[in-house]
Amino acid sequence: MPAFVPLLILLAIAFILLSVLLSFIPVGLWITAYFSGVKIGIFTLVGMRFRRVQPVRIVNPLIKANKAGLDLNIDKLEAHYLAGGDVNKVADALIAAQRADINLEFERAAAIDLAGRDVLQAVQVSVNPKVIETPKIAAVAKDGIEVMAKARVTVRANIERLVGGAGEETIIARVGEGIVTTVGSAGTHKDVLENPDLISRTVLHKGLDAGTAYEILSIDIADIDIGRNIGAQLQTDQAEADKRIAQAKAEERRAMAVAKEQEMKAAVEEMRAKVVEAEAEVPKAMATALKEGKLGVMDYYNMKNVLADTNMREAISKVNKSTDDTAKKDVKK
């Protein structure tokens, strides 16, 4: 075996050990920090490895902040990282706040970030206000005409209220409530169309940004349209309902009348049955009278003649009536 083979093996082992050591100890990052003016010990970086912290996530924001003139504590940055925060975004927000002359401490920026808000965007909105556009909000004036308005709300982030303050949804809801109140208190829809700024003034005076993470700078009515005639539609619906109620009551009275008519027909049939029953007793009574001598045979025949004469007269009257009706129909034709 040549003499240089063991030497090569030793060099290879040394190279592997050195690579593993350098991968665990971020010497390159330490050199970068040192020449950037950030004093950080090599063992501090090694300790981050043991604490499962990526040193690059801490050192790079620290270098950035140091170059911007900020004095940040590496322990606080590491604690914020371990708490699940975005150290790089917090550092960018602090730099932006310093450039805009906004008083923002690291603790508050970290709290805003951990609260789930974008702290960098909050600082940007505080410097450059944003516009929130509401959807079309429908309201009804006193004359019953529907008015649909869309507003643009210019807001600026309030750093002091970002933690615990309400968001854009609350601003939109409150502005919508203000629009509905203003239009609803107007005498006619024409008043709103003539003075759209009436809505803006009323809404601004309500202090809608109280308890929110924003400060309302202005409210402008971007679009306003006329919708349906709600008052007339309500009157029509009421009239239709009244008509149905009247029809139901009339139907109830008709049903009661029909029931009463059926009751009267039943009563008439009952009385006819009683008459038939009474007529059935007449022959028996006459037979008893003849038997007891209270009625003579001639009296009986005279009564029969009277009945026959009566039936004949009734038949003649029916024939005459039918003839008269036929003659009247012919005359009409």
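These are my notebook entries on one predicted model, taken from the whole chain down to single residues.

**Entry 1: the whole chain**

I began by counting the secondary structure, and I found 13 helices and four strands in the chain. I then looked up burial, and of the 333 residues in the chain, 27% are buried. The accessible surface of the chain comes to about 22,000 Å², and carbon and sulfur atoms hold 58% of that surface. For contacts between residues with a separation of 6 or more, I noted that 69% join residues 24 or more positions apart.

**Entry 2: strands 2 and 3**

I asked myself which side chains of strand 2 point to which face. Strand 2 covers residues 137-140, where Ile137 and Ala139 point to one face and are buried, while Ala138 and Val140 point to the other face and are not buried. I wrote beside this the general rule that side chains in a regular strand alternate between the two faces of the sheet.

Next I followed strand 2 to its partner, strand 3 (residues 145-157), with which it pairs in the antiparallel sense over four bridges. Looking for a single pair, I found that Ala138 has Met148 of strand 3 as its bridge partner. The two strands form a hairpin with four residues between them, and there Gly144 takes a positive phi near 90 degrees.

**Entry 3: two neighbours in strand 3**

Is Val147, which lies in strand 3, buried or exposed? I put Val147 down as buried because its relative accessibility is 1%, and the cut-off for buried is under 20%. Leaving out residues up to four places away in sequence, Val147 touches Ile137, Ala138 and Ala139, and also Val183, His189, Val192, Ile224, Asp225 and Ile226. I also checked a distance: Val147 and Ile137 are 10 residues apart along the chain, and their C-alpha atoms are separated by 8.2 Å.

Glu146 also lies in strand 3, and Glu146 counts as buried because its relative accessibility is 9%. Beyond its neighbours within four places in sequence, Glu146 is in contact with residues that include Ala138, Ala139, Val140, Asp225, Arg228 and Ile230.

**Entry 4: the nonpolar core**

I then looked for the largest nonpolar core, which has 59 residues. Among the residues with the most contacts inside this core are Ile58, Leu72, Val153 and Ile179. I followed Ile179 further and found that, apart from neighbours within four places in sequence, it is in contact with Ile137, Ala139, Ala149, Ala151, Ile199 and Val203. As a general note, nonpolar side chains in soluble globular proteins tend to be buried together.

**Entry 5: three helices with a buried side**

In helix 5, I listed Ile74, Leu77, Glu78, His80 and Tyr81 as buried. These residues cover an arc of only 160 degrees around the axis, so they are on the same side of helix 5. On the other side of helix 5, I found Asp75 and Leu82 exposed. The cover over the buried residues of helix 5 includes helix 3 (42-50), helix 4 (55-67), helix 6 and helix 7.

In helix 7 (residues 106-114), the buried residues are Phe106, Ala109, Ala110, Ile112 and Asp113. Because their arc around the axis is only 160 degrees, they are on the same side of helix 7. What covers them includes helix 5 (74-82), helix 6 (87-99) and helix 8 (119-127). After helix 7 comes Gly116, which has a positive phi near 100 degrees.

In helix 11 (residues 197-205), I found Ile199, Ser200 and Val203 buried. They cover an arc of only 100 degrees around the axis, so they too are on the same side of their helix. The buried residues of helix 11 pack against helix 9 (168-185), helix 10 (189-194) and strand 4 (214-229). Gly207 follows helix 11, and its phi is positive, near 60 degrees.

**Entry 6: Asn88**

I chose Asn88, which is found in helix 6, and marked it as partly exposed because its relative accessibility is 33%. Which residues is Asn88 in contact with, leaving aside its neighbours within four places in sequence? I found Pro61 and Lys64. Lys64 is 24 residues away from Asn88 along the chain, and their C-alpha atoms are separated by 9.0 Å.

**Entry 7: a region from the record**

Last, I turned to UniProt, where an unreviewed entry places the feature "coiled-coil region" at residues 261-288. In the model, I found residues 261-288 to be 100% helix and 0% strand, with the end C-alpha atoms 41 Å apart.

Methods: Residues numbered from 1 in each chain as written. Predicted model: local features only at pLDDT ≥ 70, side-chain atom pairs only at ≥ 80, totals over all residues. Heavy atoms only, no water. Buried < 20%, exposed > 50% of the residue type's maximum accessible area, 1.4 Å probe, protein only. Contact = heavy atoms within 4.5 Å. Areas by Shrake-Rupley, 256 points an atom, 1.4 Å probe, with all protein chains shown as cover. Pairing = 2+ DSSP bridges. UniProt positions renumbered as here; feature names shortened; annotations may be inferred. Core = buried A, V, L, I, M, F, W, Y, C linked by side-chain atoms within 4.5 Å. Arc of directions from axis to C-beta.
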